Amino acid sequence: MSTVVRQSCLQARRLLLGWRRAPVVLIQSLIFPTFLLIVYKQVIGESVLHLTGGNSLYGLVPMCAVAGALFGAMGTGAAIPDERASGLLSRLWALPVHRASALTGRLLAEGTRALIGTMVILNLFIGVIMNGMEEAQEEAAEQAERNRVIHGDKRDAGEALSDDLVTLEKQVL
C-alpha cells in the first residue's frame, strides 16, 4: 500500500473516531434524516399514494439519504476552519506526511459516514415496506373473509363491490 493511501486511512480513522464521540455528527447524519423519513411518510405518505398510486417511500428514502449526507458534509465543512484556528492543520503539514492525505482522509471519512447513514435509512425503509406489505396482506385477507361471510362463497369481488356500493347509496339516501 502506498504512503498516501496509508496516511489517508489514518486521517480517516482519526476523524471517524472523533465523530463517534461527537453526538452532533450522530444527530446530523443518522437521527435527523431518519426522523425526516418517518415524519414525511406520516404527513404526506397518504397524499402521494392517492395522487400517484405509488408508495411515497420510493422518493423519500433517496431524498433523506442525500439530506443526511449534506447535513454531515456541512458539519465537516464547519469543522475545517476550527482545525485551522486550533493549529491542527499547520501541525499536520509540519509532520512528514503527504499533504494530500489530510484532504483524502477527510473525503474517505465523509464517504464512510454517508454510506453508514444511507445503510441505516435503507434498513428503515426495508422494515417499513415489509411491515406495510404484511399489513396490506392481512387487511386484504380480512376484507375477503368479510365478503365471503356477507355475500357467500359464490360471488366474486366485483359483484360484492357493486352490492356494497348499492347498500352505501341506500344508507346515504
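This is a short dialogue on how to read the predicted model shown above.

Visitor: Where do I start? How many helices and strands does the chain have?

Guide: Start with the elements. The chain has six helices and zero strands. Along the sequence the pattern reads α-α-α-α-α-α.

Visitor: How much confidence does the predictor place in the chain?

Guide: Read the pLDDT, which runs from 0 to 100. Here the chain averages 78, and 82% of the residues score at least 70.

Visitor: Which element has the lowest mean pLDDT, and which the highest?

Guide: Helix α6, residues 157-172, has the lowest mean, 68. Helix α1 has the highest, 89.

Visitor: Let us look at α1, then. What span should its residues give, and what does the model show?

Guide: Count 1.5 Å a residue. Helix α1 covers residues 3-20, which is 18 residues, so it should span 26 Å. The end C-alpha atoms of α1 are 26 Å apart, and that agrees.

Visitor: What about α3? How far does that helix reach?

Guide: α3 has 30 residues. From first C-alpha to last it reaches 43 Å, close to the 44 Å expected at 1.5 Å a residue.

Visitor: What follows α3?

Guide: Gly87 follows, and its phi is positive, near 90°.

Visitor: Now burial. What share of the chain counts as buried?

Guide: Buried means under 20% relative accessible area, and exposed means over 50%. Of the 173 residues, 25% count as buried. The chain exposes about 12000 Å², with carbon and sulfur atoms supplying 67% of that area.

Visitor: Which residues of α1 are buried?

Guide: They are Gln7, Ser8, Gln11, Ala12, Leu15 and Trp19. Their arc around the axis is only 140°, so they lie on the same side of α1.

Visitor: Which exposed residues does the face turned away from that buried side carry?

Guide: That face of α1 carries Leu10, Arg13 and Arg20.

Visitor: Take one residue from each side. Is Gln11 buried or exposed?

Guide: Gln11 has a relative accessible area of 9%, so it is buried. Gln11 sits in helix α1. Leaving out residues up to four places away in sequence, Gln11 touches Leu92, Ser101, Ala102 and Gly105.

Visitor: And why does Leu10 count as exposed?

Guide: Because its relative accessibility is 54%. Leu10 also lies in helix α1. The C-alpha atoms of Leu10 and Gly105 are 7.2 Å apart, although the two residues are 95 apart along the chain.

Visitor: How much of the contact in the chain links residues that far along the sequence?

Guide: Look at contacts with a separation of 6 or more. Residues 24 or more positions apart account for 76% of them.

Visitor: Why look for nonpolar side chains together?

Guide: Because in soluble globular proteins, nonpolar side chains tend to be buried together. Here the largest nonpolar core has nine residues: Leu36, Leu37, Leu57, Leu60, Val61, Cys64, Ala67, Ile121 and Phe125.

Visitor: Which elements give two or more residues to this core?

Guide: They are α2 (23-52), α3 (57-86) and α5 (100-151). α3 gives the most, with five residues.

Visitor: What does a second, separate core include?

Guide: That core has five residues, including Leu15, Trp19, Val25 and Ala109.

Visitor: Back to α3. Which of its residues are buried?

Guide: Leu57, Leu60, Val61, Cys64, Ala65, Ala67, Gly68, Gly72, Thr76 and Glu83 are buried.

Visitor: What does Val61 touch?

Guide: Set aside residues up to four places away in sequence. Val61 then touches Leu37, Ile121, Leu122 and Phe125. Val61 is buried, with a relative accessible area of 4%. Its C-alpha lies 9.9 Å from that of Tyr40, and the two are 21 residues apart in sequence.

Visitor: And what does Leu60 touch?

Guide: With the same neighbours set aside, Leu60 touches Leu37, Tyr40, Lys41 and Ile44.

Visitor: One more in α3. Is Met74 buried or exposed?

Guide: Met74 lies in helix α3. Met74 has a relative accessible area of 52%, so it is exposed. Met74 and Gln28 are 46 residues apart in sequence and 9.2 Å apart in space, C-alpha to C-alpha.

Technical notes. Residues are numbered from 1 along each chain as its sequence is written. This is a predicted model: local features need pLDDT of at least 70, side-chain atom pairs count only at pLDDT 80 or more; totals for chains, interfaces and linings use all residues. Side-chain values use heavy atoms; hydrogens and water are left out. Helices (H or I, at least four residues) and strands (E, at least two) are DSSP runs, numbered from the N terminus. Buried means under 20% relative accessible area, exposed over 50%, partly exposed in between (1.4 Å probe, protein chains only). Contact means heavy atoms within 4.5 Å. Accessible areas come from the Shrake-Rupley method with a 1.4 Å probe; for residues, only the protein chains shown count as cover. The expected span of a helix is 1.5 Å times one less than its number of residues. The arc is that of the directions from the helix axis to the C-beta atoms. A nonpolar core is a set of buried Ala, Val, Leu, Ile, Met, Phe, Trp, Tyr and Cys residues joined through side-chain atoms within 4.5 Å.
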